[in-house]
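Ready for some practice? Take a look at the structure below, then work through the exercises one step at a time.

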Amino acid sequence: MDKDAVLKILNRIMELELSGVVRYTHYALMVYGYNRIPIVDWLQKQAEEGLVHARQAGELVTWLGGHPSLGIGHLLETHTHDIGDIMRESLAHEVEALQAYYELLALAKDKDVRLEEYARNMIAQETAHQDEVNKMLRKPGQTDAFSATGR
């Protein structure tokens with residue numbers, strides 16, 4: 001197993017998850033309107049989950065003898081604070097995180113059971129999260145998956 005490549009991707013995962021903490025915390029502060037309370041609650045839970053995921057990645061870095069990054073992933077927002085925009089930004093962020101977990105799985109597959117199982121578990125969680133956001137972006141009664149081109 002290429003330990004340096006694994007450490008690099010684990011640090012990238014940690015940075016992505018930390019940017020999710022900042023992103024979801026910001027989003028929760030910017031929600032207004034009648035449905036504010038359940039949406040804010042959901043966003044705050046996503047921020048808390050991101051922190052747990054960042055810590056897990058950081059623990060793996062140190063267990064493997066590496067140094068956890070102090071960086072944070074890319075932060076971008078539309079500045080419109082529309083719930084739909086927030087969810088689309090969230091979906092794009094989750095796609096990037098999922099890709100990083102797949103990269104880790106490719107590096108660890110058949111080489112390190114612990115890392116492989118960690119990556120598979122995180123892929124399952126991130127995929128479920130993407131599915132949840134996708135469903136939130138659909139119009140009432142829409143059963144087809146959300147498509148950014150078919151808003």
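**Before you start**

Val22 is partly exposed, with 36% relative accessible area; buried means under 20%, exposed over 50%, and partly exposed in between (1.4 Å probe, protein chains only). This is a predicted model, in which local features need pLDDT of at least 70, side-chain atom pairs count only at pLDDT 80 or more, and totals for chains, interfaces and linings use all residues. Residues are numbered from 1 along each chain as its sequence is written, and side-chain values use heavy atoms, with hydrogens and water left out.

**Exercise 1**

Find the salt bridge of Arg12 and say which helices it links.

*Solution.* Step 1: recall that a salt bridge is a side-chain nitrogen of Lys or Arg within 4 Å of a carboxyl oxygen of Asp or Glu. Step 2: Arg12 meets Glu103 at 2.9 Å, N to O. Step 3: Arg12 sits in helix H1 and Glu103 in helix H3 (residues 83-108), so this pair, 91 residues apart, links distant parts of the chain; helices are DSSP runs (H or I, at least four residues), numbered from the N terminus.

**Exercise 2**

How far apart along helix H3 are Asp85 and Arg88?

*Solution.* Step 1: their salt bridge has its closest N and O atoms 2.9 Å apart. Step 2: they are three residues apart in helix H3, so about one helical turn separates them. Step 3: check accessibility: Asp85 is buried at 16%, while Arg88 is partly exposed at 22%.

Notes: Helices (H or I, at least four residues) and strands (E, at least two) are DSSP runs, numbered from the N terminus.
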